[in-house]
Amino acid sequence: MAQPTVPSVIMDSMVTDESGEPNPYLLGVYAPVRDEVTAENLQVIGEIPADLNGVYLRNGPNARFPVRGRYHWFDGDGMVHAVHFENGRARYRNRYVRTKAFQAETDRSLWTGVMENRKGNPFGNTRGLNLKDSANTDLVYHRGKVLATWYLCGSPYQLDPLSLETLGVETFLDTLTGDFMAHPKVDERTGELFWFDYGPRPPYLRYGVVGAGGAVEHCVELELPGARLPHDMSITENHAILMDLPLYQDLEAARQGRYKLTFNRELPSRFGVIPRRGTAEQIRWFEARPCYIYHVVNSWESGDEIILDVCRVSRPAPKGDGGPLAAMISYLKLDARLYRYRFNLVTGQTSEGYVDGDHNTEFPTIDARLTGRPSRYSYNVSVMDADTNLFDGLVKYDNVTGAKQEHYYGDHRYGSEAPFAPRDGSTGEDDGYLVTFVTDEREGTSEVQILGAADLTQGPVARVLLPQRVPLGFHATWVRADQYRTAS
Ligand SMILES: [Fe+2]
């Protein structure tokens with residue numbers, strides 16, 4: 001049953017922020033939705049595969065109240081949209097992540113966002129970053145719970161994978177100190193979870209491991225030349241890989257209370273390879289050409305080398321200034337290419353190059369069972385040539401043959417990150433489905449598309465029509481039915 005959470009009179013005032021300009025990330029396919037909805041008996045075009053059992057969850061920003069100051073897409077309150085597939089049927093629900101900040105805001109915004117002075121904000125993360133931890137960025141399944149995470153390092157919030165109820169902060173049996181980044185990695189074979197946290201003051205980077213028992217068993221402080229903005233990390237069978245990329249906050253601007261990023265082309269990109277439970281002294285840094293990287297595809301060991309595939313941004317600096325929101329829009333626009341690094345553990349040498357130098361693709365997913373092990377396929381979103389981030393289709397890469405397959409949603413239809421969902425009895429990589437939300441800009445409607453991973457060019461095997469629009473958002477995950485059944 002629908003539960004109104006924001007009065008309509010407030011929603012009507014939300015297309016602009018206090019910059020005075022219409023903010024594209026509050027409009028159209030990005031506009032927040034008002035209601036938390038639970039719906040069953042959804043209309044299906046085609047047939048939901050009987051061997052697709054699990055839940056597709058996607059996180060994203062959904063401003064709950066009129067925003068204070070200028071709105072950045074990253075500022076919105078975390079809202080999870082989920083579709084639960086069981087025996088050929090689908091259920092939809094969406095819920096806010098009830099963070100501490102969400103609970104503190106009962107009738108209006110109390111926080112300003114990342115583009116504003118944050119001095120009057122009520123509280124921030126444990127690093128003293130005085131912004132609203134909205135848990136709006138990614139969703140990671142670990143030990144029976146889904147963790148909602150935040151891109152600037154916050155608290156991981158536990159959600160029930162089916163009800164989406166917020167169960168509180170995951171403290172890892174009271175062993176978590178500090179903050180937690182957006183994209184931790186889980187090794188399903190060992191049950192371990194790997195994460196880092198970073199901040200504007202030393203220690204600039206901490207790396208840790210949560211053991212299969214659910215407690216932090218390893219945590220080390222790593223030295224960096226200054227504060228950085230790492231977004232993702234990677235693991236292999238024996239190592240973790242952390243990044244020191246030459247994009248960081250302008251310190252002079254920060255002293256004046258402004259948020260401005262600087263890309264220093266004089267500095268290399270550096271990749272730190274550390275044994276999974278290694279000491280700070282054991283990290284080995286590999287240098288490469290300057291760039292920025294939001295998202296890792298996967299990494300694994302191959303002979304003397306570590307192979308790391310990423311979506312690489314070669315020019316992360318904005319193109320220019322044209323008004324209060326222009327820099328934000330420019331910085332937010334993804335422009336990445338699939339790229340491979342090889343780090344030789346014997347010689348210390350790096351080699352690097354494009355896998356696909358042409359197509360702007362991002363938000364990569366793999367068969368999560370292969371995280372840290374050799375994987376052949378990457379399923380990326382195609383980033384449309386537009387001012388804002390619009391994902392007009394999916395691109396599947398085969399890193400053995402170099403082949404790629406594409407699927408597009410059609411004019412004015414945009415998708416989400418599309419995790420790989422193994423089918424029941426899946427015999428290996430690629431034996432399953434991709435699941436994504438698709439939102440129609442003109443109709444103001446959304447659906448879920450299910451595609452056979454083996455051949456995206458066949459188009460969806462089923463489309464599930466949803467009772468409300470799903471705004472474009474950030475990261476998604478798939479939780480298999482056997483995972484939450486085992487946990488309960
Ligand atoms: Fe991300």
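Start the tour by selecting V114: with a relative accessible area of 2%, this residue is buried. Keep in mind along the way that you are looking at a predicted model.

**Stop 1: around V114**

V114 sits in the loop that runs between helix 2 and strand 8. Show its surroundings and, setting aside neighbours within four places in sequence, you will find H72, D75, L131, Y151 and Y259 in contact with V114. For a distance check, pick the C-alpha atoms of V114 and G60: they are 16 Å apart in space, with the two positions 54 residues apart in sequence numbering.

Stay in this loop and select A135, which also lies between helix 2 (100-104) and strand 8. Its phi is positive, about 50 degrees, although A135 is not a glycine. Is A135 buried or exposed? At 0% relative accessibility, A135 counts as buried.

**Stop 2: another positive phi**

Now jump to N41, in the loop between strand 3 (38-39) and strand 4 (44-46). Here again is a residue other than glycine with a positive phi, near 50 degrees. N41 has 72% relative accessibility and therefore counts as exposed, the cut-off being over 50%.

**Stop 3: the four-stranded sheet**

Colour strands 8, 9, 10 and 11 next. They form an open sheet in the order 8-9-10-11, with antiparallel pairing. Strand 8 (138-142) and strand 11 (166-169) are at the edges with a single partner strand each, so one side of each has no neighbour in the sheet. From one strand to the next, the twist averages 30 degrees.

Zoom in on strand 8 and strand 9 (residues 145-149), an antiparallel pair with five bridges. Label H142 and you will see K145 of strand 9 standing opposite.

**Stop 4: the five-stranded sheet**

A second open sheet is worth a colour of its own: five strands in the order 3-7-6-5-35, again with antiparallel pairing. Strand 3 and strand 35 (476-480) are its edge strands, each pairing on one side only. Inside the sheet, select strand 5 (residues 54-61) and strand 6 (residues 78-86); they run antiparallel and are joined by eight bridges. G54 is a handy marker here, as it stands opposite F85 in strand 6.

**Stop 5: the iron site**

Centre the view on the iron ion. Which protein atoms are its donors? They are the NE2 atoms of H183, H231, H295 and H475, at 2.1 to 2.2 Å from the ion. Along the chain these donors follow the spacing H-x47-H-x63-H-x179-H. H183 lies in the loop between strand 11 and strand 12 (185-187), while H231, 48 residues away, lies in the loop between strand 15 (216-222) and strand 16 (234-235), so the pair links distant parts of the chain. H183 and H231 are both buried.

Why is the arrangement irregular? The four donor atoms subtend angles of 85 to 172 degrees around the iron ion, and this range makes the arrangement irregular. For four donors to count as tetrahedral, all angles would have to lie between 85 and 135 degrees.

**Stop 6: a cis peptide bond**

Select P202 and P203. The peptide bond from P202 to P203 is cis, with omega near -5 degrees. P203 is in the loop between strand 13 (192-198) and strand 14 (205-210).

**Stop 7: strand 24 and its partners**

Move on to strand 24 (residues 337-344), which is mostly covered, with seven of its eight residues buried. Strand 23 (residues 305-313) pairs with strand 24 in the antiparallel sense over eight bridges, and I307 has R342 as its bridge partner in strand 24. Strand 25 (residues 350-356) also runs antiparallel to strand 24, joined by six bridges. Here Y341 has E352 as its bridge partner in strand 25. Strands 24 and 25 form a hairpin with five residues between them, and G348 in the turn has a positive phi of about 80 degrees.

**Stop 8: the nonpolar cores**

Keep Y341 selected and add Y207, M233, L242 and F271. These residues have the most contacts inside the largest nonpolar core, which has 93 residues. Beyond its neighbours within four places in sequence, F271 is in contact with several residues, including I241, W285, I293, L308, Y341 and F343. Apart from this core lies another, of 22 residues, with V83, F85, F437 and L466 among them.

Notes: Residues are numbered from 1 along each chain as its sequence is written. This is a predicted model: local features need pLDDT of at least 70, side-chain atom pairs count only at pLDDT 80 or more; totals for chains, interfaces and linings use all residues. Side-chain values use heavy atoms; hydrogens and water are left out. Two strands pair if DSSP finds at least two bridges between them. Helices (H or I, at least four residues) and strands (E, at least two) are DSSP runs, numbered from the N terminus. Axes are lines fitted to C-alpha atoms, for helices over the stretch in contact, and angles run from 0 to 180 degrees between N-to-C directions. A nonpolar core is a set of buried Ala, Val, Leu, Ile, Met, Phe, Trp, Tyr and Cys residues joined through side-chain atoms within 4.5 Å. Buried means under 20% relative accessible area, exposed over 50%, partly exposed in between (1.4 Å probe, protein chains only). Contact means heavy atoms within 4.5 Å. Donors are N, O and S atoms within 2.8 Å of the metal (3.2 Å for Na, K and Ca); water is not among the atoms, so sites may look incomplete. Four donors count as tetrahedral if all angles lie between 85 and 135 degrees; four count as square planar and six as octahedral if opposite donors are over 155 degrees apart and all others between 65 and 115; anything else is irregular.
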